[in-house]
Amino acid sequence: MTDQPVTEPQDRREEEQERGLSQRIGVRQDAVAGAPAVDGPAGGPRGPHEAIFGLEEVQVSYGPKPAVRGVNFDIGKNEITALIGPSGCGKSTLIRCLNRMNDLIPTARVEGKVLYHGQDLYGAGVDAVEVRKRIGMVFQKPNPFPKSIYDNIAFGPRVLGMKGDMDEIVEHALKQGAVWDEVKDRLKTNAFGMSGGQQQRLCIARCLAVSPDVILMDEPCSALDPISTGKIEDLMMELKQDFSIVIVTHNMQQAARVSDKTAFFTVELDDEEHRSGRVVEFDDTEKIFTNPGDPRTEAYVTGKVG
Ligand SMILES: Nc1ncnc2c1ncn2[C@@H]1O[C@H](COP(=O)(O)OP(=O)(O)OP(=O)(O)O)[C@@H](O)[C@H]1O
Ligand SMILES: [Mg+2]
């Protein structure tokens, strides 16, 4: 094949990355390469797609009472899964569980099972830092490092000691992040000189530079104008060919436009008036937005409450 030399270094990098974490967290190679759907808690498959994550009775607390509880659904490979629901229902709390970002909050306690490629993400011997390389995160506010555009991208690969031509790695990531054409002539300038939308695509590219498996996005467009938002949405549709994406959004049109599956959360009050988040419904996005099974979902997605 004539294009082999072009794609090979990247493929090799990805394989090395894959093997590295797989060995450390004990992920089976066949699971990474495309195994059948992970069984659900009751033993039956929970969907037609291979599951990247399986959530079983997940509960997260910041003190004695849970902030979100009873979460059970699978997150599919090469799909976009949207988490929606009113403020305070635990969307950020849950998404942070998926790459162990909650470990950084001293009071946070995660119970239940978070399975990643069928392996317990919180199991003994799993390296949380390694997990965060495989499962990248993009935040509400773009957070480039106070460095050049080039160094923002090269930072992760350098820390990881990734082999290959750094210029190629940087170019590839910026192209994947759909920001290359806008910055290729000013790679050595400070990233703070970019627009907010460009900075957010830089942050996505920074995630991609270390060849992750999953990209978590917590309201990635809430600080952006509609044009930048459209660019990020187009980018997400491209990226799901190669990655799995979980997005938290308050923008119902965005969830309906980009996601394959949607989980709708709500806040419930217990007898002692403690508020905690619950999943009301998890289903194909089309169903959630056109024919939801629960009246609370319908009220929320049609904007009657929120
Ligand atoms: N670091 C923290 N320490 C203590 N409590 C927290 C912390 N982070 C979140 N909480 C609480 O957990 C609950 C869920 O918050 P979370 O931020 O996950 O909600 P959210 O659905 O992302 O809301 P929003 O849509 O406003 O971003 C809230 O009651 C919140 O006060
Ligand atoms: Mg949030």
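Visitor: Which residue in β8 stands opposite isoleucine 80?

Guide: Isoleucine 245 does. Keep in mind that this is a predicted model.

Visitor: Why are strand β3 and β8 said to pair?

Guide: Pairing needs at least two bridges. Strand β3, residues 80-84, shares 4 bridges with β8. The cut-off is met, so the two strands pair. Their sense is parallel.

Visitor: What makes strand β7 and β8 a pair?

Guide: The test again asks for at least two bridges. β7, residues 214-218, has 5 bridges with β8, so this is a pair. The sense is parallel here too. In this pairing, isoleucine 215 has isoleucine 245 of β8 as its bridge partner.

Visitor: Why is strand β8 called largely enclosed by the rest of the structure?

Guide: Count its residues. A residue is buried if 20 or more other C-beta atoms lie within 10 Å of its own. In β8, residues 244-248, that holds for 5 of the 5 residues, so the strand is largely enclosed.

Visitor: Which residues show that both faces of β8 are covered?

Guide: Side chains in a regular strand alternate between the two faces of the sheet. On one side of β8 lie Ser244, Val246 and Val248. On the other side lie Ile245 and Ile247. Every one of these is buried, on both faces. Across the protein chain, 43% of the 306 residues count as buried.

Visitor: What links strand β1 to strand β2?

Guide: They form a hairpin, with 4 residues between them. β1 covers residues 51-61 and β2 covers residues 66-76. They pair in the antiparallel sense over 7 bridges. Within that pairing, valine 58 stands opposite valine 71 in β2.

Visitor: Which residue in β4 faces leucine 55?

Guide: Valine 114 stands opposite leucine 55. β1 and β4, residues 109-116, pair in the antiparallel sense over 7 bridges.

Visitor: Now the helices. Why are α5 and α6 called roughly perpendicular?

Guide: Look at the angle. Helix α5, residues 149-160, packs on helix α6, residues 166-176, at about 110°. Angles of 65 to 115 degrees count as roughly perpendicular. The value falls inside that range, so the label fits. The axes lie 9 Å apart, and the crossing is right-handed.

Visitor: What makes the residues of this contact nonpolar, polar or charged?

Guide: The residue types decide. From α5 come Tyr150, Ile153, Ala154 and Pro157. From α6 come Met166, Ile169, Val170, Ala173 and Leu174. Tyr, Ile, Ala, Pro, Met, Val and Leu count as nonpolar. The tally is 9 nonpolar, no polar and no charged.

Visitor: Why is α5 called roughly parallel to α8?

Guide: α5 crosses helix α8, residues 196-208, at roughly 30°. Angles under 35 degrees count as roughly parallel. The value is under the cut-off, so the name follows. The axes come within 8 Å. This crossing is right-handed.

Visitor: Which residues make the contact of α5 with α8?

Guide: α5 supplies Ile149, Asn152, Ile153 and Gly156. α8 supplies Leu202, Ala205 and Arg206. Gly counts as polar and Arg as charged. By class, the contact has 4 nonpolar, 2 polar and 1 charged residues.

Technical notes: Residues are numbered from 1 along each chain as its sequence is written. Chains are lettered from A and ligands numbered from 1 in the order in which they are written. This is a predicted model: local features need pLDDT of at least 70, side-chain atom pairs count only at pLDDT 80 or more; totals for chains, interfaces and linings use all residues. A residue is buried if 20 or more other C-beta atoms lie within 10 Å of its own, exposed if 12 or fewer, and partly exposed in between; C-beta atoms are placed from the backbone. Axes are lines fitted to C-alpha atoms, for helices over the stretch in contact, and angles run from 0 to 180 degrees between N-to-C directions. Angles under 35 degrees count as roughly parallel, over 145 as roughly antiparallel, 65 to 115 as roughly perpendicular and the rest as oblique. A crossing is left-handed if the near helix is turned anticlockwise from the far one by less than a right angle, and right-handed if clockwise. Two residues are in contact if their C-beta atoms, placed from the backbone, lie within 7 Å.
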